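Reader: I'd like a close look at one part of this protein, the place where its two domains meet. Could you walk me through it slowly?

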Amino acid sequence: MNAHAPAPLGATVTALPVPSREPGFGVYVHWPFCAAKCPYCDFNSHVRHQAVDQERYAAAFRRELAVMAGRSKGERVTSVFFGGGTPSLMLPETVAGILEAIAGEWAVAPDAEVTLEANPSSVEAERFRGYRAAGVNRVSLGVQALHDEDLRRLGRLHDVSQALHAIGLAREIFPRLSFDLIYARPGQTVEAWEAELARAIDLAADHLSLYQLTIEEGTPFHALRAAGKLIVPDGELSADLYQATQDLTRARGLPAYEISNHAAPGAESRHNLTYWRYGLYAGVGPGAHGRLMGPGGRHAVATERHPETWLRMVEDWDSGIVTDDLLTPEEEADELLLMGLRLAEGIDLARWRRLTGRDIDHASEADLAGHGMIERLGPDRIRATPAGMMVLDAVVADLC
């Protein structure tokens with residue numbers, strides 16, 4: 001481990017100072033494998049019916065990390081996120097080796113947040129304790145529903161009893177816990193969702209991620225809806241479900257700090273805040289994305305999506321990078337607005353001007369404010385209103 005890391009990565013984690021708006025620098029690690037593909041999922045995830053050679057993949061992660069570190073010299077890692085796929089299919093020693101490599105390549109904050117996504121169906125107490133010993137100090141559980149029938153419809157491999165077991169283990173072993181739920185599911189009423197969400201809040205520690213079901217092109221759910229075999233809540237009911245979510249979480253001390261994420265003050269996901277505050281981050285693994293400074297400015301970096309192709313590329317050339325594009329000022333402007341307006345804290349217009357060299361369109365701002373889509377927070381900060389967050393893409397398009 002690098003001498004500049006004062007403690008094992010992930011050894012401690014504390015609440016964020018409030019309010020802290022520094023984006024930090026993150027490292028995202030993509031584990032692309034799942035035990036099964038959910039019918040609503042369009043993420044870069046793959047099912048393999050033979051054992052994955054984790055030792056070989058871990059070696060490839062280390063090689064690509066070295067390349068990304070070489071492109072981000074001087075950065076200090078404030079968060080690491082293992083996403084997927086299903087990272088809880090990784091062996092604890094695989095996670096430990098990757099964290100050791102990160103600590104060897106970058107300076108690391110002593111209280112860096114280290115998150116690992118886990119599915120309840122792949123949770124074992126011994127494995128959870130192994131992740132904690134490796135340095136993971138925050139777990140994000142893909143619970144998705146607290147009704148067995150809905151879990152089956154969503155293609156999940158766990159039931160409610162397994163989800164409750166995983167939540168209990170996570171609360172016992174890790175300093176911080178979040179779990180996901182999907183709402184606006186077929187046949188769901190506002191009253192049923194409010195009862196389910198109230199139960200989830202009782203189970204939660206200090207963070208929940210609550211996503212509306214979206215039907216993505218190319219997924220089985222998309223084909224079922226097109227065939228009339230899947231009926232999801234319409235726009236009006238979806239809006240009512242969203243409003244019920246905001247009202248109940250706020251009343252119970254977990255207000256939305258981002259469109260779909262709710263936390264007690266200080267318990268926000270530091271890693272995701274790096275994205276939403278338009279910070280820099282390195283992405284490694286099949287299909288990972290990053291934003292790194294390079295020749296001319298900020299670069300959008302992405303790696304090969306297919307796992308075995310990525311693995312061969314890294315073994316041959318040290319990296320699976322397939323995209324390395326210098327962003328134009330207009331693209332940066334779009335990204336900063338699209339990410340920052342997701343947050344309840346909004347965006348700093350002075351930073352917008354520094355990044356883009358221009359100001360927002362004040363006539364468009366006045367029009368959007370008049371329609372209740374955005375609002376000022378002091379002289380140099382704006383944010384989307386709850387109504388604006390429902391049509392955020394259109395708000396960003398009008399402001400740019």
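How many salt bridges count between domain 1 and domain 2?

Author: Just one salt bridge is counted between domain 1 and domain 2. Keep in mind that this is a predicted model. The bridge pairs the side chains of Arg 342 and Glu 258, with 2.6 Å from N to O. That fits a general idea: side chains of opposite charge can pair when their charged atoms come close.

Let's set the scene around that pair. The domain assignment puts domain 1 at residues 25-275 and domain 2 at 340-399. Each side brings seven residues to the contact: seven from domain 1 and seven from domain 2. Measuring centre to centre over C-alpha atoms would be the next thing to ask about, and the computed separation is 28 Å.

Now for the area. Domain 1 and domain 2 bury about 680 Å² between them, and carbon and sulfur atoms give 67% of that. On the domain 1 side, three residues are worth picking out: Tyr 242, Glu 258 and Ile 259 supply 63% of the area that domain 1 buries against domain 2, more than any other three residues. So Glu 258 turns up twice, once in that trio and once as the partner of Arg 342 in the salt bridge.

As for polar contacts, three residue pairs are counted between the two domains, with both residues at pLDDT 80 or more. Which elements build the domain 1 side? Those that give two or more residues to it are α8 (235-251) and β9 (256-258). Of the elements there, β9 gives the most, with three residues. By character, the domain 1 side divides into six nonpolar residues, no polar ones and one charged.

Stepping back to the whole chain, the protein comes to 15 helices and 17 strands. Its radius of gyration is 21 Å, close to the 21 Å that the globule rule gives for 400 residues, so the protein is as compact as a globular protein of that length. Along the principal axes, the C-alpha atoms fill a box of roughly 55 × 55 × 40 Å.

The structure holds 21 salt bridges. Another of them is made by the side chains of Arg 71 and Asp 324, at 2.8 Å from N to O. That pair links distant parts of the chain, 253 residues apart: Arg 71 is in the loop between α1 (54-70) and β4 (76-84), while Asp 324 is in strand β14 (residues 321-326).

Two backbone details may also catch your eye. A cis peptide bond joins Gly 84 and Gly 85, with omega about 20°, and Gly 85 is found in the loop between β4 and α2 (92-105). Then there's Gln 144, which has a positive phi of about 75° although it is not a glycine; Gln 144 has its place in strand β6 (residues 138-144).

Key. Residues numbered from 1 in each chain as written. Predicted model: local features only at pLDDT ≥ 70, side-chain atom pairs only at ≥ 80, totals over all residues. Heavy atoms only, no water. Domains from an automatic or database assignment. Contact = heavy atoms within 4.5 Å. Buried area = accessible area lost by both parts, 1.4 Å probe. Salt bridge = Lys/Arg side-chain N within 4 Å of Asp/Glu carboxyl O. Polar contact = N/O pair within 3.5 Å; in protein donor to acceptor, adjacent residues only side chain to side chain. Helix = DSSP H or I, 4+ residues; strand = E, 2+ residues; numbered from the N terminus. Nonpolar A, V, L, I, M, F, W, Y, C, P; charged D, E, K, R; others polar. Rg over C-alpha atoms; globule rule 2.2 N^0.38 Å.
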